[in-house]
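User: I would like to go through the labels attached to this structure and hear the reasoning behind each of them. Please set each value against its cut-off before you conclude.

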Amino acid sequence: MTGPMPDASGPAGSIPIPFVAELRPHRSLGPAGFRVMLAAVAVVIAVYGGIFLAMGAWPVFGFLGLEVLLLYLLFRLNFRDARRCETIRIDRDATEVRKRAPSGHETRHDFQTGWLRVEVERPARHDCRLTLASHGRRVSVGSFLTPPERHELGGVLRRAVAVAAKRG
């Protein structure tokens, strides 16, 4: 979630209504760091490839080049996946969940706040889910978050729904 998360256990005034949470996958390596890392790997691979080339093992040089290409392609896929975004907006009457896929395709789910249930699976395993549900419809959010982050967000969302329902 971008920005500081409101305290789920604090007073009702600590959660503003409308409440908006924007969720994005965490990536520890940015584009500039990626370029530096790829350049460093390419230099090391070129040195080792040159040694193998000098020894007459020229196919090794080609395979080392393929490894650099594969590393580049995998990181590009990782950066593409980082474009995912989920926005949860809770106000008195309605709760809206917008999910943007890496391709840019966006889906929207609307719920009535007064009937909304926030469900977090227990125990907190890696594959536990945080789900918003109402009237037989449900949507899972924060699948890229860690289990403790999902549980923390679930508590904040429950509190925001309760505060919004009181004001409605």
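User: Which residues of α1 are called buried?

Analyst: This is a predicted model, and in it the buried residues of α1 are F34, L38, I45 and G49. The label requires a relative accessible area under 20%. What covers these buried residues includes α2, which runs over 58-81.

User: How do you know that the length of α1 agrees with what is expected of a helix?

Analyst: Helix α1 comprises residues 31-54. At 1.5 Å a residue, its 24 residues should span 34 Å, and because the end C-alpha atoms are 34 Å apart, the two values agree. After α1 comes G56, whose phi is positive, near 95°.

User: Why is I51 called partly exposed?

Analyst: I51, which is found in helix α1, has a relative accessibility of 43%. Partly exposed covers the range between the 20% limit for buried and the 50% limit for exposed, so I51, at 43%, counts as partly exposed.

User: What makes the nonpolar surface patch that includes I51?

Analyst: The patch is made by V43, V44, V47, Y48, I51 and M55, and its area is about 590 Å². A residue in a patch must have over 30% relative accessible area, and I51, with 43%, meets that requirement.

User: What makes the contact of E22 and R24 a salt bridge?

Analyst: The side chains of E22 and R24 meet with a distance of 3.0 Å, N to O, and the cut-off is 4 Å, so the pair qualifies as a salt bridge. As for exposure, E22 has 28% relative accessibility and counts as partly exposed, and R24, at 32%, counts as partly exposed too.

User: Why is D93 called exposed, and how is R92 classed?

Analyst: D93 has a relative accessible area of 51%, and since exposed means over 50%, D93 is classed as exposed. R92, at 45%, counts as partly exposed. The side chains of D93 and R92 meet in a salt bridge at 3.9 Å, N to O, a value within the 4 Å cut-off.

User: How do you know that E106 and R98 form a salt bridge, and which network includes them?

Analyst: The closest N and O atoms of E106 and R98 are 2.6 Å apart, which is within 4 Å, so the pair is a salt bridge. Salt bridges that share partners join E96, R98, E106, R108 and D110 into one network. E106 is partly exposed at 40% relative accessibility, and R98 is partly exposed at 29%. The structure holds 13 salt bridges.

Notes:
Residues are numbered from 1 along each chain as its sequence is written. This is a predicted model: local features need pLDDT of at least 70, side-chain atom pairs count only at pLDDT 80 or more; totals for chains, interfaces and linings use all residues. Side-chain values use heavy atoms; hydrogens and water are left out. Buried means under 20% relative accessible area, exposed over 50%, partly exposed in between (1.4 Å probe, protein chains only). Patches are made of residues with over 30% relative accessible area and no salt bridge: like charges are joined within 9 Å, nonpolar side chains (Val, Leu, Ile, Met, Phe, Trp, Tyr) within 5 Å. Accessible areas come from the Shrake-Rupley method with a 1.4 Å probe; for residues, only the protein chains shown count as cover. Helices (H or I, at least four residues) and strands (E, at least two) are DSSP runs, numbered from the N terminus. The expected span of a helix is 1.5 Å times one less than its number of residues. Contact means heavy atoms within 4.5 Å.
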